[in-house]
Amino acid sequence: MIPIAKACLDGNEKKYLAQCVDTEWISSAGKFVDEFEKLNSSFYDTKYAVAVSNGTVALHLALLALGIKEGDEVIVPDFTFAATANAVLYIGAKPVLCDVKADSWNIDIDKCKNLLSDKTKAIIPVHVYGQACDMDEIMTFAKENNLFVIEDCAEAHGAEYKGKRIGSIGDIGCFSFFGNKIITTGEGGICTTNSQELNDRMRVLRDHGMNKSKRYWHDEVGYNYRMTNMQAAIGVAQMENVDTILKKRNEIEALYNSILGKSEHIILRKEDKDKVNWLYSFMIKDADLEMITKIQEELKSEGIDSRSFFFPLHKMPPYKDLKKSNLDNSISISARGLSLPTYNQLELTTVEHIANTVLSILENKI
Ligand SMILES: Cc1ncc(COP(=O)(O)O)c(C=O)c1O
């Protein structure tokens, strides 16, 4: 079976991990955590980067550091992975669900405007499936309405918007390093920011609220959201290869696009040369979830794994009663989308084979 995703660990991952074991630095103290933070702040061109245990807690930590509290409202896209909304719910705040744009699949600011109230404190744009949101539009909207911006960059390591890497534009950028992500540490996350105040706040909250100059003195209740030296060791090795990783993923995307783009049944995502290829994703014209499931079954019988898109958040029990905009695009994108195997070890001949298999299944189905 060709899997949908696979970590690529062919650099110094094993060597650095062995150093953690050999030196017995396996918890959150150790040189790799500092090094990983420095590599990230330099790559994303932010002053600070705070490593944490996963991408979901990165979002939670960002909301805490910005002072979002119970009863506040935070605008999130309806079309995203559940963690974006869950982090808001952990605070006791309310996620407010906004539709996405039909062509970019990212949050539609025009539809956010009617969702504002005097409780709205922040917005979390998600650079979904590797493509940057329209950050000019978002930053203007946030400024006009006095909102904090937390960029959810979990699926878009290295994507750019007008020459800037995502994660460096809003107040805080939150990344995930789960095993299927572009850069992985197994489980892991990081918060990027240019604010010294937010950096300091996140470091204290990440470490049980412990006073920085008086160890074991706690001024408040914090969390254990620390990244281990072992996770960071893998991360350092990954960051050494980030350019190669991104380049290969782009080649995979270009090849999928060139083959699938010929089919009248397929809708490719709006072209964006600065996007990155997390999971290669496209839509099938006039499809619904039932048809997508059948195509997936046929792909499986050919030994090819695939993934349908995220369900619209508002369709699922924890989120169905949340305040929302019209969500037509989220519903239609979710029902028609399909993601194909994307990982660095994938041979281009295999990409060709997968794309041609999709085309022949579509010829028989439609
Ligand atoms: C958009 C988005 N936000 C947040 C997360 C949460 O990251 P993690 O799985 O590392 O907690 C993910 C990924 O899994 C994601 O895709």
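**View 1. Asp99 and its surroundings in the predicted model.** Asp99 sits in the loop that links β3 to α5 (109–112), and everything shown here comes from a predicted model. Is Asp99 buried or exposed? Asp99 counts as buried because 25 other C-beta atoms lie within 10 Å, against a cut-off of 20 or more. Skip the neighbours within four places in sequence, and Asp99 still has contacts with Asp78, Asp108 and Lys111. The rest of the contact list is a run of residues further along: Ser325, Asn326, Leu327, Asp328, Asn329 and Ser330. For a sense of scale, Lys14 is 85 residues away from Asp99 in sequence, and the C-alpha to C-alpha gap in space is 43 Å.

**View 2. The seven-stranded sheet.** Read across, this open sheet goes β1-β9-β8-β5-β4-β2-β3, and the pairing is mixed. Why do β1 (48–52) and β3 (94–98) each have one side without a neighbour in the sheet? Both are edge strands with a single partner strand each, so the other side is left open. Go from one strand to its neighbour and the turn is 25° on average, ignoring direction.

**View 3. The β8–β9 pair, with two helices on the sheet.** Strands β8 (residues 172–176) and β9 (residues 189–193) run antiparallel, joined by four bridges. Look for the two cysteines here: Cys174 is opposite Cys191 of β9. Helix α4 (residues 83–91) packs on this sheet and touches β2 (73–77), β3 and β5 (148–152). The direction of α4 makes about 170° with that of β2. Helix α7 (residues 196–206) also packs on the sheet, this time touching β1, β8 and β9. For α7 the angle to the direction of β1 is about 15°.

**View 4. Helix α3 from end to end.** How many of the residues of α3 (residues 55–65) are buried? The count is 11 of 11. The buried set includes Gly55 and Thr56 at the start, then residues such as Val57, Leu59, His60 and Leu63. What do these buried residues pack against? Their partners are the strands β1, β5, β8 and β9, plus the helices α4 and α7. Just past the end of α3 comes Gly67, with a positive phi of about 80°.

**View 5. The shell around the ligand.** The ligand has 14 residues around it, and the closest are Gly55, Thr56, Phe81, Ala154 and Ser176. Which elements supply two or more residues to this shell? Those are α3 and α4. Two of the closest residues, Gly55 and Thr56, are also among the buried residues of α3. By class, the shell splits into seven polar, five nonpolar and two charged residues.

**View 6. Where the two domains meet.** The domain assignment splits the protein into domain 1 (13–98 + 105–240) and domain 2 (242–365). Taken over C-alpha atoms, the domain centres are 26 Å apart. On the domain 1 side 31 residues make contact, and on the domain 2 side 27 do. The elements giving two or more residues to the domain 1 side are β3, β6 (160–161) and α8 (229–240). Of these, β3 contributes the largest share, with five residues. The domain 1 side is made up of 19 nonpolar, seven polar and five charged residues.

**View 7. The four-stranded sheet and helix α9.** This second open sheet has the order β10-β11-β13-β12, with antiparallel pairing. Its edge strands, β10 and β12 (307–308), pair on one side only. Helix α9 (residues 242–260) packs on the sheet, where it touches β10, β11 and β13. The direction of α9 makes about 20° with that of β11.

**View 8. A closer look at strand β11.** All five residues of β11 (residues 280–284) are buried. Side chains in a regular strand alternate between the two faces of the sheet. Here one side carries Tyr280, Phe282 and Ile284, the other Ser281 and Met283, and both faces are covered. Strand β10 (residues 266–267) is joined to β11 by two antiparallel bridges. In that pairing Ile267 has Met283 as its bridge partner, while Ile266 is matched with Ile284. Strand β13 (residues 337–340) pairs with β11 through four bridges, again antiparallel. In that pair, Phe282 is opposite Leu338 of β13.

Methods:
Residues are numbered from 1 along each chain as its sequence is written. This is a predicted model: local features need pLDDT of at least 70, side-chain atom pairs count only at pLDDT 80 or more; totals for chains, interfaces and linings use all residues. Two strands pair if DSSP finds at least two bridges between them. Axes are lines fitted to C-alpha atoms, for helices over the stretch in contact, and angles run from 0 to 180 degrees between N-to-C directions. Two residues are in contact if their C-beta atoms, placed from the backbone, lie within 7 Å. A residue is buried if 20 or more other C-beta atoms lie within 10 Å of its own, exposed if 12 or fewer, and partly exposed in between; C-beta atoms are placed from the backbone. A residue is near a molecule or strand if its C-beta atom, placed from the backbone, lies within 6 Å of it. Ala, Val, Leu, Ile, Met, Phe, Trp, Tyr, Cys and Pro count as nonpolar, Asp, Glu, Lys and Arg as charged, and the others, Gly among them, as polar. Domain bounds come from an automatic or database domain assignment.
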